[in-house]
Amino acid sequence: MAASSASSGAKSVFQSLKRFFKKPWEITGPCADPEYKSALPGALEYRIYCPATTKAKAIIPTSNPETVFDIKYYSRDQRRNRPPIRRTILKKADVEKMMKEKTFDQSDFPKVYLTAAVEEDYNARGGGYQ
C-alpha cells in the first residue's frame, strides 16, 4: 500500500514539474499559443486505409459464357492466324523461260508525262530570260 502511494505521489510531483519545464520551441513562437493545435496527425488517424485498398469489390460477370472475358493470349494472337509464307527459288533458266512467255503491251507501262512540246513566250515582260 505504501509503495502505491509513493509512486502516485512521485507521479503528481512529476506532472506539476512538467507544466513549468517546456521544450524550447514551446516557449515562444506559434507553438506557445494556448490555441495552437498540432498539424501532425496521430498514428491511428494518419492512414486508415491503404491506398491500394478498393472501396467496393468489383463485380465480374461469370454466369453467361458470352459475357466472360477470355484472358488466354493464344486465342487472341493474330500472328498465329496468318497463312504461311510461300518461298520459291528461281533459277536462271526458269527466269529466262518466264521472260520468253511474257509479252509486253503499250498499256503495261505508264503514260509519258509530257505529250506536247513546250512553247516559250517570247513576248513576256523583259523579253524572257536574259
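What share of the 130 residues in the protein chain is made up of buried residues? In this predicted model, buried residues account for 1% of the 130 residues in the protein chain.

## Overall architecture

The secondary structure of the protein chain consists of five helices and zero strands, and, read from the N terminus on, its elements follow the order α-α-α-α-α.

The accessible surface of the protein chain amounts to about 14,500 Å², and 60% of that surface belongs to carbon and sulfur atoms.

## A nonpolar surface patch

Leu90, Val95, Met98, Met99, Phe104 and Phe109 together make a nonpolar patch on the surface, with an area of about 630 Å². One of these residues, Met99, lies in helix α5, which covers residues 92-101. Methionine 99 has a relative accessibility of 49% and therefore counts as partly exposed, because the partly exposed class ends where exposed begins, at over 50%.

Phe104 is another member of the patch, and phenylalanine 104 is classed as exposed because its relative accessible area is 53%, a value that falls in the class defined as over 50%.

## The aromatic pair

When the whole structure is searched, one aromatic pair is found. The pair is formed by phenylalanine 104 and phenylalanine 109, whose rings are 6.0 Å apart from centre to centre, with 35° between the planes, an arrangement described as tilted. Both Phe104 and Phe109 are also among the residues that make the nonpolar surface patch, so that the description of the patch and that of the aromatic pair share these residues.

Definitions and conventions:
Residues numbered from 1 in each chain as written. Predicted model: local features only at pLDDT ≥ 70, side-chain atom pairs only at ≥ 80, totals over all residues. Heavy atoms only, no water. Patch = residues over 30% accessible without salt bridge, like charges linked within 9 Å, V, L, I, M, F, W, Y side chains within 5 Å. Areas by Shrake-Rupley, 256 points an atom, 1.4 Å probe, with all protein chains shown as cover. Salt bridge = Lys/Arg side-chain N within 4 Å of Asp/Glu carboxyl O. Helix = DSSP H or I, 4+ residues; strand = E, 2+ residues; numbered from the N terminus. Buried < 20%, exposed > 50% of the residue type's maximum accessible area, 1.4 Å probe, protein only. Phe/Tyr/Trp six-rings, centres within 6.5 Å; stacked < 30°, edge-to-face > 60°.
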